[in-house]
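The following exercises concern cysteines and aromatic rings. Please study the sequence and the model before reading each solution.

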Amino acid sequence: GLLLLAAALALGGTAAARCPAPCVCDNLRAHVLCLHGNLTAVPDTIPQLTKKLDLRGNSFKVIPVGAFLATPYLTYLDLQRCKVERLEEGAFRGLGRLVYLNLASNGIALLYQESLDGLSSLQQLILEGNHIEEIQPGAFGHLGSLTVLDLRANALVYLPDMVFQGLQVLRWLRLSHNALHVLGSEAFTALPALRRLSLDHNELQALPGEALARLDEATWLDLGHNPITYVAEEALAMASLKHLFLDHAALQDVAPDAFARSPQLRTLDLRENQLQGLPPLAGALARVSLAGNPLLCSCLLRPFHDWLARARVQVEGACAAPPALRGRPLDSLRPPEMRCGHPRLPSSPAVPSEQLRVASSGQCPQGCACSPDFRHGSCENRDLRKIPQGFPRDTRLLDLRRNAFGTVPSGSFPGLKELVSLHLQSCSIGVLRPGALRGLESLVYLYLTDNRLSTLAATAFEGAPRLAYLDLDRNAFARLPAGAFQLLPNLISLHLQHNAIGELAEGDLAGAGGLRWLYLAGNAIGHIAPAALAPAKMLEKLHLEGNRLAEVPTAALRGLPALSELKLSRNPIKRVGDNAFLPVASSLQHLYLDNMGLERISPSAFAGLGPKIRSLYLESNKMSNIPNMSNFTGLEILNLRDVPFRCDCQLLPLRRWIDKLNLRVGATCGSPTETQGLKVKLSTTFQTCPGWGRGEAGGASPDKTKAAHKPSKKKRSGKSPARGFKKSRA
């Protein structure tokens with residue numbers, strides 16, 4: 001009785017006196033329940049020492065600033081189904097002890113920078129089932145203790161770079177059941193502790209390898225139920241990944257080396273795709289699931305079957321053809337049974353072809369496969385000479401890869417107003433006629449990779465005004481198809497890699513005012529006119545690696561206020577001059593200057609750059625020193641491997657700076673001879689430099705520096721120059 005009385009007094013009196021209607025208060029456990037009432041604001045009479053507050057099923061609409069200041073001891077807060085539409089900045093301020101926050105099944109559309117301010121102890125945040133379309137950078141910046149973030153069933157389409165910055169201990173990120181089709185390459189950069197990522201049930205049409213490569217510690221990745229048709233060579237580079245789910249996608253092919261850069265991968269789930277077979281896969285897989293695929297158990301599958309036995313990989317799946325082997329488990333087959341001469345099946349799920357070819361709104365062209373469930377059509381690798389017509393009108397993805405069309409005539413895709421993604425890779429296309437895409441008013445993705453295009457008419461893209469992602473890699477362009485972008489006001493991403501482009505001239509990008517990502521790697525570009533990039537004022541990424549530039553195109557960078565990533569790797573640039581990056585100094589975050597044979601960087605080359613720079617790649621060059629970069633305080637990646645630094649006193653400022661970084665930089669000495677191959681941080685040559693003691697390992701005094709060069713009874717006098725090295729991951 002005394003304990004109950006004490007608890008009641010601690011909560012400010014009896015339950016009857018302090019418990020707001022229509023709530024129920026459990027004073028002994030410090031719990032308050034106000035369920036399914038008509039509350040329009042958080043009651044201000046909730047006992048101050050309440051730890052668990054359950055407000056499910058009310059009608060708050062807005063959570064105002066400081067709504068919970070009266071209950072600072074809360075550790076659990078449930079606001080599910082409360083019709084919340086907006087979280088004002090500072091809404092949860094004062095809840096420094098809160099561990100669990102559930103905001104599921106509300107109407108939140110936007111997360112502001114300070115919406116979640118004050119939740120420094122929060123471990124679980126549930127935002128499932130809202131209408132979140134946009135997350136402002138910094139929205140999670142104050143959630144340093146968060147381990148689980150649930151953003152399932154929202155309306156996310158795009159994840160910008162660094163959107164999860166601040167979530168240093170997050171272990172599980174749940175992004176299932178959104179509409180994601182674009183991920184920034186640095187979207188997951190700030191998640192060093194992430195172990196599990198759920199991206200299933202989205203609209204990803206290709207494996208987002210560049211973004212996923214940032215997740216060094218992730219072991220579990222779910223990409224199921226995405227319309228991914230192909231996994232390319234070395235598409236996934238995740239050092240710790242063990243379990244990968246690509247089930248219920250639209251896969252038709254997987255490259256042999258697709259997972260070669262994920263050495264820990266053990267489980268691969270490929271159930272319910274459109275795979276007729278697989279090649280032997282590089283890596284150390286232990287289990288592959290292929291159930292629900294139309295597997296053709298002919299001699300073409302023998303290499304894969306032999307690999308399963310040789311590598312002792314467990315497999316789940318059964319033959320769909322030939323008829324004599326239909327239903328036989330793969331692991332029960334003997335090589336002599338897998339004979340050739342059987343007809344090729346359509347790339348489609350294992351259901352009768354007659355049923356498959358009929359979609360909800362029309363017939364499927366002869367020899368093709370149409371899936372009414374996915375709204376996909378495929379005539380991949382059918383040796384077609386003309387583009388087939390007659391696909392269901394609600395088709396959203398059309399895969400016509402690996403045919404021999406040669407020309408795409410005007411009006412090639414009648415009636416496909418809902419088509420979003422069109423795949424025309426490897427089709428020997430040399431001509432795209434004006435009006436070829438007429439009527440494709442919903443088209444967002446167009447893949448024309450590996451063709452023979454060398455020019456495009458100004459009206460080539462007429463009728464596809466929503467086109468946002470255009471892939472023209474590996475064609476025969478000798479210059480950008482000037483004028484072709486005038487009819488593409490929504491173009492975001494342009495791929496023209498591995499063509500034969502020799503220069504970028506003024507007017508080449510006319511009309512590309514909304515372009516954000518421009519990929520020009522692997523061309524022969526030796527000159528960029530000062531005004532060549534001017535139309536693309538919103539450009540964020542410019543990839544120029546593997547070209548013939550002899551200098552940084554500084555003049556061409558003027559007028560690009562949003563440029564955050566610049567790749568100049570593998571260009572024959574021997575010297576970087578003063579103010580080379582000054583035009584983009586206010587926005588640049590990622591700079592690639594590796595593998596160029598670079599011999600000298602001017603002391604003022606990086607003028608203007610500073611805390612915004614997050615990654616700098618300088619590996620595999622020939623300079624022996626680099627400028628002072630002490631103001632690069634925001635660096636998260638610095639690569640100085642295979643640079644022959646001269647480890648003498650002139651390098652002492654760099655040696656001191658590296659000592660303070662908690663980064664793996666890989667800097668080694670190239671000279672003098674006695675230091676060759678040593679890490680710069682471990683070289684003892686700096687101990688003889690004037691002022692060594694003042695800057696080394698935190699700045700010893702001059703007196704202590706002198707003591708370090710002669711015997712002393714003091715233990716500190718023998719301090720190793722590598723003391724700071726222990727603080728680093730290097």
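**Exercise 1: A cysteine without a partner**

The sulfur of Cys82 lies 10.0 Å from the closest cysteine sulfur, that of Cys34, which is too far for a bond. The model is predicted, so local features need pLDDT of at least 70 and side-chain atom pairs count only at pLDDT 80 or more, while totals for chains, interfaces and linings use all residues. Residues are numbered from 1 along each chain as its sequence is written, and side-chain values use heavy atoms, with hydrogens and water left out.

Task: Determine whether Cys82 is buried or exposed.

Solution. Buried means under 20% relative accessible area, exposed over 50%, and partly exposed in between (1.4 Å probe, protein chains only). Cys82 has 0% relative accessibility and therefore counts as buried.

**Exercise 2: The disulfide of Cys23 and Cys34**

Task: Describe the disulfide that Cys23 and Cys34 form.

Solution. Step 1: a disulfide is a pair of cysteine sulfur atoms within 2.5 Å; by this rule the count comes to seven disulfides. Step 2: the sulfur atoms of Cys23 and Cys34 are 1.9 Å apart. Step 3: the torsion about their S-S bond is about 105°, so this disulfide is right-handed. Step 4: the pair links distant parts of the chain, with Cys23 in the loop between helix 2 (15-18) and strand 1 (24-26), and Cys34, 11 residues away, in the loop between strand 2 (31-33) and strand 3 (52-54). Helices (H or I, at least four residues) and strands (E, at least two) are DSSP runs, numbered from the N terminus. Step 5: Cys23 is buried at 12% relative accessibility, and Cys34 is buried at 0%.

**Exercise 3: A pair of phenylalanine rings**

Task: Classify the pair formed by the rings of Phe140 and Phe164.

Solution. Step 1: rings of Phe, Tyr and Trp (its six-membered ring) pair if their centres lie within 6.5 Å; planes under 30 degrees apart count as stacked, over 60 as edge-to-face and the rest as tilted. This rule gives a count of 13 aromatic pairs. Step 2: the centres of Phe140 and Phe164 are 5.9 Å apart and their planes stand at 20°, so the pair is stacked. Step 3: Phe140 belongs to the loop between strand 10 (134-135) and strand 11 (148-150), and Phe164 to the loop between strand 12 (158-159) and strand 13 (172-174), so the pair ties together parts that are 24 residues apart in sequence. Step 4: Phe140 is buried, at 0% relative accessibility, and Phe164 is buried, at 0% relative accessibility.
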